[in-house]
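Colleague: I am new to this structure. Please take me through it step by step.

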Amino acid sequence: MTTPEDKDGKRRWRPPADAKEAKDKRTLTERQRVKNSKLGKSSRAWVERQLTDPYVRQAIEAGYRSRAAFKLKEIDSRFSLLGRGGRILDLGCAPGGWLQVAAEHKPAALAGIDLLPVAAVDGAVIVEGDVTDAAALDRTLRALGGPPTVVLSDMAADTTGHQQTDHIRTIALAETAARIAVAELAPGGAFLCKVFQGGAQGALLEMLKQEFDDLRHWKPPASRSESPETYLIAKGRRPISR
Ligand code: SAM
């Protein structure tokens, strides 16, 4: 994807044009198809959102498998996590958007794991399994050939529609990812993790503050404003002996 150059000569990814522009670009057929479809109200709203979402359009145009790819691009553009030549572990990697973005950074090794099958991504080893299954996680880690320098987790449980339940399940996944990051990361390594805003993540934040030099919260523009998700960015894994 082409990106304009900034004054410092660095090429940075830019968010796509706003939703209105994308909406206007929809063909009449697309609009009529949604209007006339026999979908229920919430499904129709979902389809309508997909058709009007500039990130969905841009993901399709750029060949990314998920609009989530842009969240990682935006986070990396601000926090410089991915670097070059690292060993990157992606927890909950399906359908592979983050793996595609990570692969662009020419890592020394890249591995992902998900409950769901994921089509191959050039340069990545992908394991189908549960991150809580020690054998599956071990296979994924071994594919890196050394301790990860970056651990990513965009893991999310299937939503139930019950906000509190969804929140608790996402925090549980974030805690699992954090435990893996703390146990496996190379000193100086970084951890990026999806969490939900507000509520029961105090213990997780406290633990991460102890283990990393720098801990931030950020909701990238590509994360829908109506979504409670936000991201934790932890940099500078402290050496275990400290
Ligand atoms: N970052 C991905 C991308 O850009 O394509 C999208 C990730 S998607 C939002 C969240 C993923 O977490 C789902 O594919 C789900 O199967 C996975 N997941 C949830 N719980 C998991 C677990 N216990 N072990 C492995 N993957 C899990």
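**Helices, sheet and one loop residue**

Colleague: What is the hand of the crossing of helix 8 and helix 9?

Modeller: Helix 8 and helix 9 cross in a left-handed way, the near helix being turned anticlockwise from the far one by less than a right angle, whereas a clockwise turn would count as right-handed. Helices (H or I, at least four residues) and strands (E, at least two) are DSSP runs, numbered from the N terminus.

Colleague: And what about the basis for all this?

Modeller: The model is predicted, with local features needing pLDDT of at least 70 and side-chain atom pairs counting only at pLDDT 80 or more, while totals for chains, interfaces and linings use all residues. Residue numbers start from 1 along each chain as its sequence is written.

Colleague: Back to that pair. At what angle do the axes of helix 8 and helix 9 cross?

Modeller: The axes of helix 8 (residues 163-184) and helix 9 (residues 202-211) cross at roughly 15 degrees and come within 11 Å. Axes are lines fitted to C-alpha atoms, for helices over the stretch in contact, with angles from 0 to 180 degrees between N-to-C directions. The two helices are therefore roughly parallel to each other; angles under 35 degrees count as roughly parallel, over 145 as roughly antiparallel, 65 to 115 as roughly perpendicular and the rest as oblique.

Colleague: Which residues of helix 8 and helix 9 make the contact?

Modeller: Helix 8 contributes Ile171, Ala174, Glu175, Ala178 and Val182, and helix 9 contributes Leu204, Met207, Leu208 and Glu211. Two residues are in contact if their C-beta atoms, placed from the backbone, lie within 7 Å. By class, this contact of helix 8 with helix 9 has seven nonpolar, two charged and no polar residues. Ala, Val, Leu, Ile, Met, Phe, Trp, Tyr, Cys and Pro count as nonpolar, Asp, Glu, Lys and Arg as charged, and the others, Gly among them, as polar.

Colleague: How do helix 5 and helix 6 cross?

Modeller: The axes of helix 5 (residues 68-79) and helix 6 (residues 97-104) come within 7 Å and cross at roughly 40 degrees. These two helices are therefore oblique to each other, and the crossing is right-handed. Their contact involves Ala68, Ala69, Leu72 and Lys73 of helix 5 with Gly97, Trp98, Gln100 and Val101 of helix 6. Five of these residues are nonpolar, two polar and one charged.

Colleague: Now the sheet. In what order do the strands stand?

Modeller: Seven strands form an open sheet in the order 3-2-1-4-5-7-6, with mixed pairing; two strands pair if DSSP finds at least two bridges between them. Strand 3 (125-128) and strand 6 are at the edges with a single partner strand each, so one side of each has no neighbour in the sheet. On average, neighbouring strands are turned by 15 degrees against each other, direction ignored.

Colleague: Which strands pair with strand 7, and in what sense?

Modeller: Strand 5 (residues 190-196) pairs with strand 7 (residues 229-237) in the antiparallel sense over six bridges. Strand 6 (residues 212-218) also runs antiparallel to strand 7, joined by six bridges. Ala234 in strand 7 stands opposite Phe191 and is the bridge partner of Leu215. Trp218 stands opposite Tyr231 in strand 7.

Colleague: In which sense do strand 1 and strand 2 run?

Modeller: Strand 1 (residues 87-91) and strand 2 (residues 109-114) run parallel, joined by five bridges, and Leu89 has Ala111 in strand 2 as its bridge partner. Five of the six residues of strand 2 are buried. A residue is buried if 20 or more other C-beta atoms lie within 10 Å of its own, exposed if 12 or fewer, and partly exposed in between, with C-beta atoms placed from the backbone.

Colleague: Which strands does helix 5 lie across?

Modeller: Helix 5 lies across strand 5, strand 6 and strand 7, at about 40 degrees to strand 7. Helix 7 (residues 134-142) packs on the sheet and touches strand 1, strand 2 and strand 3, its direction making about 160 degrees with that of strand 2.

Colleague: One loop residue, then. Where is Ala186?

Modeller: Ala186 sits in the loop between helix 8 and strand 5. Ala186 is partly exposed because 15 other C-beta atoms lie within 10 Å. Leaving aside neighbours within four places in sequence, Ala186 is in contact with Pro147, Pro148, Thr149 and Arg237.
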